[in-house]
Amino acid sequence: SVRYVDAQGASITDTTGTDAFAWDVNTFASASDVGLKASNSDESPDAQAVNVDLNDDTNGVELLVFTLEAEGSDVEVKDLPITLTATGVADVDLIANTLYVTIDGEEYSETISTSSLTTATVTFDDIDFTISEGEEVEVVVTADINDQDGTFGDGDTLAASFTESNRVMADAED
């Protein structure tokens, strides 16, 4: 026989007389429709030309704005990956040196360090930011652009994105 406790807390003994049986187990997230929803914001900048200095970094250039919403439970965002794509250069970090995310007013930073990659993912580790159930928070992605000392030229581009694959790669817990 098999003894188990059901969802209402009742202790039940089953004496079906069979040696094998199957049951389904759901995680809290799947049973409760818990999720982290990401949406592009109307505040996200369109493609734009940025005037950069020849000798000094140009700090705080806004690249992307999106929202995160906790569904079904409070969600703690631990790690958040952002994808950067550069054109006109052989490496993302030739254009920018530091990436920032500001979540609901709280800023986090990561050094951009890539090795001959025109598309790279920068992961913000150990953010530990909790989004309350039903709450939507704004995420702003900015970068410090290197001085234009020959590492990149006019017309080279840098774009940031947070896609479905980024959302799946994010470390978020209910």
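Threonine 102 has glutamate 107 of E7 as its bridge partner. The model is predicted. This pair is a good place to start reading it.

Glutamate 107 sits in strand E7. Is glutamate 107 buried or exposed? Its relative accessible area is 52%, and exposed means over 50%, so glutamate 107 counts as exposed. Setting aside neighbours within four places in sequence, glutamate 107 touches Tyr100, Val101 and Thr102. Valine 139 lies 32 residues away from glutamate 107 in sequence. In space, the C-alpha atoms of glutamate 107 and valine 139 are 9.5 Å apart.

**The sheet around this pair**

Strand E6 covers residues 96-103. Strand E6 and E7 run antiparallel, joined by 6 bridges. Both belong to an open sheet of 5 strands. What is the order of the strands in this sheet? It reads E3-E4-E10-E6-E7, with antiparallel pairing. At the edges are E3 and strand E7 (106-111), each of which pairs on one side only. From one strand to the next, the twist averages 25°. Strands of a sheet pair through backbone hydrogen bonds, in either a parallel or an antiparallel way.

**The whole chain**

The protein has 174 residues. Its elements are 2 helices and 12 strands. Along the sequence they follow the pattern β-β-α-β-β-β-β-β-β-β-β-β-α-β. Of the residues, 35% count as buried. How much of the contact set with a separation of 6 or more comes from residues 24 or more positions apart? The share is 75%.

**A loop residue**

Aspartate 46 is found in the loop between E3 and E4. Exposed means over 50% relative accessible area; aspartate 46 has 67%, so this residue is exposed. Leucine 63 is 17 residues from aspartate 46 along the chain. Their C-alpha atoms are separated by 8.7 Å.

**Pockets**

Rolling a probe the size of a water molecule over the atoms shows where empty space is left. Two pockets are described here.

The largest pocket has a volume of about 540 Å³. It is lined by 24 residues, and those closest to its centre are Gln48, Val50, Asp156, Thr157 and Leu158. Which strands each supply at least two residues of this lining? They are strand E4 (58-71) and strand E11 (157-161).

The second largest pocket has a volume of about 150 Å³. Its lining counts 11 residues. Nearest its centre are Gly35, Leu36, Val75, Ala172 and Glu173. Three elements give two or more residues to the lining: strand E3 (35-40), helix H2 (164-169) and strand E12 (171-173). E3 is also an edge strand of the sheet.

The table sets out the lining of each pocket by class.

| Pocket | Nonpolar | Polar | Charged |
|---|---|---|---|
| Largest pocket | 14 residues | 6 residues | 4 residues |
| Second largest pocket | 7 residues | 1 residue | 3 residues |

**Tying it together**

The sheet links several of these features. E4 comes next to E3 in the strand order, and E4 supplies at least two residues of the lining of the largest pocket. E3 gives two or more residues to the lining of the second largest pocket. The loop between E3 and E4 holds aspartate 46. At the other edge, E7 carries glutamate 107, the bridge partner of threonine 102.

Notes: Residues are numbered from 1 along each chain as its sequence is written. This is a predicted model: local features need pLDDT of at least 70, side-chain atom pairs count only at pLDDT 80 or more; totals for chains, interfaces and linings use all residues. Side-chain values use heavy atoms; hydrogens and water are left out. On a 1 Å grid over the protein atoms alone, a cavity is a set of points where a 1.4 Å probe fits but cannot get out, and a pocket is an open set with protein on both sides within 12 Å along at least five of seven lines; lining residues have an atom within 4 Å of a point. Grid points are joined across faces, edges and corners, and a volume is the space filled by probe spheres set on the points. Helices (H or I, at least four residues) and strands (E, at least two) are DSSP runs, numbered from the N terminus. Ala, Val, Leu, Ile, Met, Phe, Trp, Tyr, Cys and Pro count as nonpolar, Asp, Glu, Lys and Arg as charged, and the others, Gly among them, as polar. Two strands pair if DSSP finds at least two bridges between them. Axes are lines fitted to C-alpha atoms, for helices over the stretch in contact, and angles run from 0 to 180 degrees between N-to-C directions. Buried means under 20% relative accessible area, exposed over 50%, partly exposed in between (1.4 Å probe, protein chains only). Contact means heavy atoms within 4.5 Å.
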